[in-house]
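Thank you all for coming; I would like to take a few minutes to walk through one structure, going from its rings and cores to its surface loops. Please have the sequence and the model open while I speak.

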Amino acid sequence: MGRNRWDCRKFFCFALLCMAGIVNSNVNVQAAGLELESGSVKVGRQVSFIGNMEGYTFKSSDEDIAYISRDGMITGKKQGETTIIAKKSGSRKKYKLIVKANGNKPVIRVCTDEVSIGQPEAVVRDGINSAAFTVQNRSENGVVKKGKFSFLCKVLCKDTAKEPPEEEKDTNVPGQETEGGVFSGEDEKPDTEDNLILKEKTISVSFGKIQPGAEITVFYKKLKGLEEIQEAELQSVTVYSGEAKLKYAVETDTLSYGWGTEDKEAPVIRGFVGKKGYNGNDVYIILYKDRKTAYKKYITAYDERDGKVPVKADFSEVDWNRKGTYMILVTAKDKAGNTAKKKMKVQVRCLSGVDLYADSILKKITKPGWSDLAKCKAIYSYVKSHMRYVNYNGGKSWESAALRALRYGNGNCYAYYGFARCLLTRAGIPNIMITRYPALPNHHHWWNLAYVKGGWYHFDTTPRRAGGYFCLMTDAQLAVYERSHPGTFRYSGNAYPKRATKVICKGP
């Protein structure tokens, strides 16, 4: 084997010089001519020191949060806060750095700056001329699961063109994946007695698990007649750690970062699905032919990697011209093809007189783009100001009670409940009936529970002699009135969906 004809360091660390995607910050810290480009950075992105760094050494107070290379390049690894320390000639400067989450992307256990690779050497391995690489994991805590690097090399090899072909051998190192190279350029045949030829070849080498602070040696055995490696220029380096994958490409000076493990988890569907979508005969989601997609406001799907994922309902068995309750299949599919499925109970209504009445009222008292909270307040005020209490409900269903209220402007508490339900339903706000319990004969009471801002609230438009405002009240707010007016708001709390505790309206 010939000896190396060029001088170089035994080890060199691949500094990631990509500055793309640096998070803008108003924080600009300077000291002794040294400036930190930004006071914050996202996971998988980088920020650097700029200025004269000669003589400085750098250290991160928490290398699990951010790692800084010898030349002042910082890589965000995990959400948190760390201090970057710069030392020079006995002086010590500190720079605060905040690392922010990068969407749903994973934590980085080992970044590419923490992996150093020795210059390749021509050696004999198992009787085969090979290129040897020493790979070191410089991380204090992170484990490298696997990785890969590629070099563009100029190598001297024996001219084996006139030699009889050798039997193909499996030269992979046990436990290590080694890839073949790709020739680029023409072979040159120098006029030497050794009959050596100079080849330019791209070498790609994979390596396996490396513990923190440990190093391994990997061999590339597919260079026949290898005598000497004259030049080796890094092309790319890829590191898998934890669930993250990072790849640095030298030519484009870019760092790519994402998931390094296969996505096998389906999205999670939440909201009014399964038993969470109804309470007895009261179904939370009411759909009309002109509002088939209204369910999407109350059913969402979230994927650990993709974030929010669209939901889709199968309405193939629904007759939109026939009132009724249906069980619908809802699905959500992530980018990897994992699909989640849930059943959703919906009530389909056909536009009738009471619905059309409600639309005409809502057009007058609400505006497009209003929040559900604003709509509820407008509906509450309208019902209170356009109804007069009489001890007659107008029918056995809330629709008939609402129709009486619309026509005559009066009725008992059941009519008030029905009128409010009619308007809330056409406004797209889920609402159900709640009743007084226990109730004395002829002392029944009905009111609404309305779903607003992610929670159920009491909504009672029936007037009181003592007055009171009961628009979107919590249990605790109703309890205040109940203490001074016993029996008004007695109900079986366990018989209804859990109510919200956050106060969103003043009262009673």
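Which residues do ring pairs link into a cluster? They are Phe272, Tyr284, Tyr298, Tyr451 and Trp456. I should say at once that what you see is a predicted model, and that every value I quote is computed from it.

Let me give the overall picture before returning to the rings. The protein chain has 508 residues, of which 47% are buried, and its secondary structure comes to five helices and 35 strands. If we take the contacts between residues at least 6 apart in sequence, 62% of them join residues at least 24 apart.

Back to the aromatic residues, then. Over the whole structure, the search finds 27 aromatic pairs. One of them is formed by tyrosine 382 and phenylalanine 419, with an edge-to-face arrangement, a centre-to-centre distance of 6.2 Å and 75 degrees between the planes. This pair links distant parts of the chain, since tyrosine 382 belongs to helix 2, residues 372-385, while phenylalanine 419 belongs to helix 4, and 37 residues separate them. Both tyrosine 382 and phenylalanine 419 are buried.

That brings me to the cores. In soluble globular proteins, nonpolar side chains tend to be buried together. In this model the largest nonpolar core holds 75 residues, and the members that touch the most others are Met344, Phe459 and Leu472. The element giving the most to this core is helix 4, residues 413-426, which supplies nine residues. Apart from that core there is another, made of 51 residues, including Tyr56, Val155, Leu223 and Leu255.

If we look at methionine 344 in detail, leaving out residues up to four places away in sequence, its contacts are Phe272, Val273, Ile285, Tyr295, Ile299, Ala313, Tyr326, Met327, Ile328 and Val330. Phe272 appears in that list, and you will remember Phe272 from the ring cluster as well.

Next, a word on helix 3, which spans residues 398-408 and has as its buried residues Trp398, Glu399, Ala401, Ala402, Arg404, Ala405 and Leu406. What covers these buried residues? Among the elements that do so are helix 1 (353-365), strand 31 (410-411) and helix 4. Just after helix 3 comes glycine 409, whose phi is positive, at about 70 degrees.

Now the pocket. The largest one has a volume of about 610 Å³. It is lined by 22 residues, and those closest to its centre are Tyr389, Arg436, His444, His445 and Arg464. Sorted by class, the lining consists of eight nonpolar, 10 polar and four charged residues.

I would also like to point out some backbone details that may deserve a look on your screens. The peptide bond from tyrosine 437 to proline 438 is cis, with omega near -10 degrees, and proline 438 sits in the loop between strand 32 (431-435) and strand 33 (446-452). A cis peptide bond also joins glycine 507 and proline 508, where omega is about -5 degrees; proline 508 is in the segment after helix 5 (475-484).

Turning to positive phi values in residues other than glycine, aspartate 126 has a phi near 55 degrees and lies in the loop between strand 12 (121-125) and strand 13 (128-137). For aspartate 253, phi is likewise near 55 degrees, and this residue is placed in the loop between strand 19 (244-249) and strand 20 (254-259). Are these residues exposed or partly exposed? Aspartate 126 is exposed, because its relative accessible area of 63% is over the 50% cut-off, whereas aspartate 253, at 29%, counts as partly exposed.

My last example is lysine 78, in the loop between strand 8 (73-76) and strand 9 (80-88). With a relative accessibility of 30%, lysine 78 falls between the 20% and 50% cut-offs and therefore counts as partly exposed. Setting aside neighbours within four places in sequence, lysine 78 is in contact with Val43, Asp64, Ile65, Val99 and Val107. Its C-alpha is 9.2 Å from that of asparagine 102, and the two residues are 24 apart in sequence.

I will stop there and take comments.

Technical notes:
Residues are numbered from 1 along each chain as its sequence is written. This is a predicted model: local features need pLDDT of at least 70, side-chain atom pairs count only at pLDDT 80 or more; totals for chains, interfaces and linings use all residues. Side-chain values use heavy atoms; hydrogens and water are left out. On a 1 Å grid over the protein atoms alone, a cavity is a set of points where a 1.4 Å probe fits but cannot get out, and a pocket is an open set with protein on both sides within 12 Å along at least five of seven lines; lining residues have an atom within 4 Å of a point. Grid points are joined across faces, edges and corners, and a volume is the space filled by probe spheres set on the points. Ala, Val, Leu, Ile, Met, Phe, Trp, Tyr, Cys and Pro count as nonpolar, Asp, Glu, Lys and Arg as charged, and the others, Gly among them, as polar. A nonpolar core is a set of buried Ala, Val, Leu, Ile, Met, Phe, Trp, Tyr and Cys residues joined through side-chain atoms within 4.5 Å. Buried means under 20% relative accessible area, exposed over 50%, partly exposed in between (1.4 Å probe, protein chains only). Helices (H or I, at least four residues) and strands (E, at least two) are DSSP runs, numbered from the N terminus. Contact means heavy atoms within 4.5 Å. Rings of Phe, Tyr and Trp (its six-membered ring) pair if their centres lie within 6.5 Å; planes under 30 degrees apart count as stacked, over 60 as edge-to-face and the rest as tilted.
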